[in-house]
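Colleague: Could you take one part of this model and go through it slowly, for someone in their first year? I would like to hear about the packing in the interior and whatever surrounds it.

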Amino acid sequence: MQTPDPTPLTGRAAIVTGGGRGIGRAIAHALASQGASVMVADLDAGSADRVAAELASDKAVAIGADISNLADVDRMLVGCISAFGSLDILVNNAAVTRFVDVMDITPDDWDRMHSVNARGTFFVMQRGARHMIESGTRGGRIVNIASIAGKAHPGTSNAAYAGSKAAVIAMTAVAAQQLGKHGININSVNPGLTRTPLRDELAVQAAEMQGITTDELAAQRAAGIPIGRECDPEDIAAMVAFLVGPGGDAITGQSINVDGGLVNH
């Protein structure tokens with residue numbers, strides 16, 4: 001029996017946006033552990049630097065970038081190719097949100113969430129795919145981190161965020177159909193409730209709105225998850241690593257939930 005290769009991503013170059021903490025940090029670690037060279041991109045350049053340093057590799061670099069700014073997007077993509085010689089894996093993880101009732105969402109809330117979560121994700125995907133096509137060699141893998149909010153799960157932070165993540169799921173499916181001929185596989189991964197710094201910040205807001213403690217809120221949420229716990233960032237990262245590795249060769253255009261069983265569609 002052949003032993004699986006523990007580093008199947010050796011020789012591959014990856015970008016992880018929003019890689020400075022939480023799910024993005026876990027994804028950066030997972031890809032590096034499987035041999036990939038990783039550019040950690042984050043709006044907070046200091047956080048990106050810290051994660052790149054954690055990877056303890058000469059194959060890790062960091063960059064500060066706002067994906068809602070197309071000049072930053074182009075600088076990030078060119079920087080990856082300059083550092084590593086290629087762009088093979090792109091993980092669109094950067095996103096913003098806040099906990100707010102549907103009647104209190106402002107135009108500024110809407111514009112900020114959609115400029116990053118939908119518009120930013122789309123143009124990172126589009127421009128990253130262009131680099132993969134122009135390389136003319138081996139295609140690539142793109143994973144867009146959406147959310148079960150995009151499937152109308154009622155526990156989401158707000159309706160504007162849900163709309164932006166539904167857009168990610170839809171545009172992933174369309175792009176996968178159109179870019180498959182170039183050898184590019186594109187999928188979305190939809191985290192459920194996941195233990196991250198952002199989740200902790202949102203939990204404080206949600207608990208205040210409901211008039212309960214954060215511990216009570218956590219117990220309520222866990223009781224509603226079939227596996228009895230929230231996800232860890234590593235749960236999401238494991239799915240991403242699978243999709244960009246050999247196991248994902250025939251998987252594209254899919255919307256995959258990693259949520260402990262909260263959503264079944």
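Modeller: Leaving aside residues up to four places away in sequence, V240 touches I27, V91, V143, I145 and V189. This is a predicted model, and in it V240 is listed with I27, L31, V38, V40, V91 and V189 as the residues with the most contacts inside the largest nonpolar core, which has 31 residues. At least two residues of this core come from each of several elements, including helix 1 (22-33), helix 8 (233-244), strand 4 (89-92) and strand 5 (140-145). In soluble globular proteins, nonpolar side chains tend to be buried together. A second core, separate from this one, has 29 residues, among them L77, L90, A94 and M125.

Turning to the sheet, seven strands pair in parallel to form an open sheet, and their order is 3-2-1-4-5-6-7. Strand 3 (60-64) and strand 7 are the edges, and because each has a single partner strand, one side of each is left without a neighbour in the sheet. Averaged over the sheet and with direction ignored, neighbouring strands are turned by 20° against each other.

At the strand 7 edge, strand 6 (residues 184-191) runs parallel to strand 7 and is joined to it by four bridges, and N190 has N257 in strand 7 as its bridge partner. Helix 5 lies across strand 5, strand 6 and strand 7, and runs at about 160° to strand 6.

Terms used:
Residues are numbered from 1 along each chain as its sequence is written. This is a predicted model: local features need pLDDT of at least 70, side-chain atom pairs count only at pLDDT 80 or more; totals for chains, interfaces and linings use all residues. Side-chain values use heavy atoms; hydrogens and water are left out. A nonpolar core is a set of buried Ala, Val, Leu, Ile, Met, Phe, Trp, Tyr and Cys residues joined through side-chain atoms within 4.5 Å. Buried means under 20% relative accessible area, exposed over 50%, partly exposed in between (1.4 Å probe, protein chains only). Contact means heavy atoms within 4.5 Å. Two strands pair if DSSP finds at least two bridges between them. Axes are lines fitted to C-alpha atoms, for helices over the stretch in contact, and angles run from 0 to 180 degrees between N-to-C directions.
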